Number of protein chains: 2
Amino acid sequence: MSRDDLAQGTETATETTDADRFTNARAIRSTALFEDYTELIADLTEEFGEARITDIARRLGVTHPTANKAVLRLKREGLAISRPYRGVFLTEAGAAMAREVKARHRLVVRLLIAVGVPPDAAEMDAEGIEHYVSETTLKAFEAYLEGRG
Amino acid sequence: MSRDDLAQGTETATETTDADRFTNARAIRSTALFEDYTELIADLTEEFGEARITDIARRLGVTHPTANKAVLRLKREGLAISRPYRGVFLTEAGAAMAREVKARHRLVVRLLIAVGVPPDAAEMDAEGIEHYVSETTLKAFEAYLEGRG
DNA sequence: ACAGAAATGTAGCCGATGCTATATTTAAAA
DNA sequence: TTTTAAATATAGCATCGGCTACATTTCTGT
């Protein structure tokens, strides 16, 4: 099920209820962490050739056991692979998620700045906002940014 | 601690680290549910004179036990009050949160529509986005909407 | 007034996401 | 090489936020 299927809810066609919106938001909340991890692992891999648990934990501002547990979940979901005491790497699925997330992140930051948000605040807020931006909204952002050169 | 204190992180002044951003996002994630509940309770109280657990649960798309447990947390945090088998009401603190959240929600929806997001998608995405919009960004949204009449 | 229906409450389960404390393994230094 | 430091793993605890199943209370209709 894609983001936009979710975004449409389960209604026959027209109406969208409050419950649909909240259910959608809850669904996204549960994938937000995976998005953060895959994006970060991609960054670290590019920078250092691999993503070490310690680096992941430090960048996210959590302890290593927390990062380790999250990586176990990533592996279980087929988004990452790793051998004991070694670096973490993304699977193709994980890399695809990372690419998508990164593109979304950049677009959100660009749009915020375009409407006058200071760059620092834009970066800060985008970290949370990006997860909730649907394909439809993303397209609108693109169109808006196009239309103003 | 306010949203913007959080948004500044614990840095001395200038630099904002990745960890600050993620820690900020996590902090907001943990208050998002309270925001949803207070806003909804305010709505229901206005509509029906009180907020019943059943109505809260239905609008959020969760079961009553889940809503009940959340209300217990709200009460523990001093945001709501209720007597057994009776409606739920907001405290002054809860009502203040509801007002703030509602204002933020409206502004986010207006901005999304202003940049070309279809109203349906704007409503849907705002449900998640609104929680992550800082005061700074909110001010920028206001200025942007002012500046285009 | 009372029976049945509806609403609310409680108990207990689960998974996610954080933590601390304690192994264990790998890497670095003497 | 052997010791020490750093990184990683594991165990166990807590809270949150979902659920189902069941108990209790309130409301409604006859």
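Helices (H or I, at least four residues) and strands (E, at least two) are DSSP runs, numbered from the N terminus. The model described here is predicted, so local features need pLDDT of at least 70 and side-chain atom pairs count only at pLDDT 80 or more, while totals for chains, interfaces and linings use all residues. Residues are numbered from 1 along each chain as its sequence is written, and chains are lettered from A and ligands numbered from 1 in the order in which they are written.

The surface near DNA strand C (a residue is near if its C-beta atom, placed from the backbone, lies within 6 Å of the strand) receives the most from H4(A), which gives 5 residues. Of the 20 residues around this strand, Pro65(A), Thr66(A), Arg52(B), Thr54(B) and Pro65(B) come nearest. By class, the surface holds 9 nonpolar, 7 polar and 4 charged residues; here Ala, Val, Leu, Ile, Met, Phe, Trp, Tyr, Cys and Pro count as nonpolar, Asp, Glu, Lys and Arg as charged, and the others, Gly among them, as polar.

Attention now turns to Ala126(A), which lies in helix H6 of chain A. Ala126(A) counts as buried because it has 26 C-beta neighbours inside 10 Å; the cut-off is 20 or more other C-beta atoms within 10 Å, against 12 or fewer for exposed and values in between for partly exposed, with C-beta atoms placed from the backbone. Beyond its neighbours within four places in sequence, Ala126(A) is in contact (C-beta atoms, placed from the backbone, within 7 Å) with His105(A), Val108(A), Val109(A) and Leu112(A). On the same basis, Ile129(B) is in contact with Ile129(A), Tyr132(A) and Val108(B).

Note on methods:
Two residues are in contact if their C-beta atoms, placed from the backbone, lie within 7 Å.
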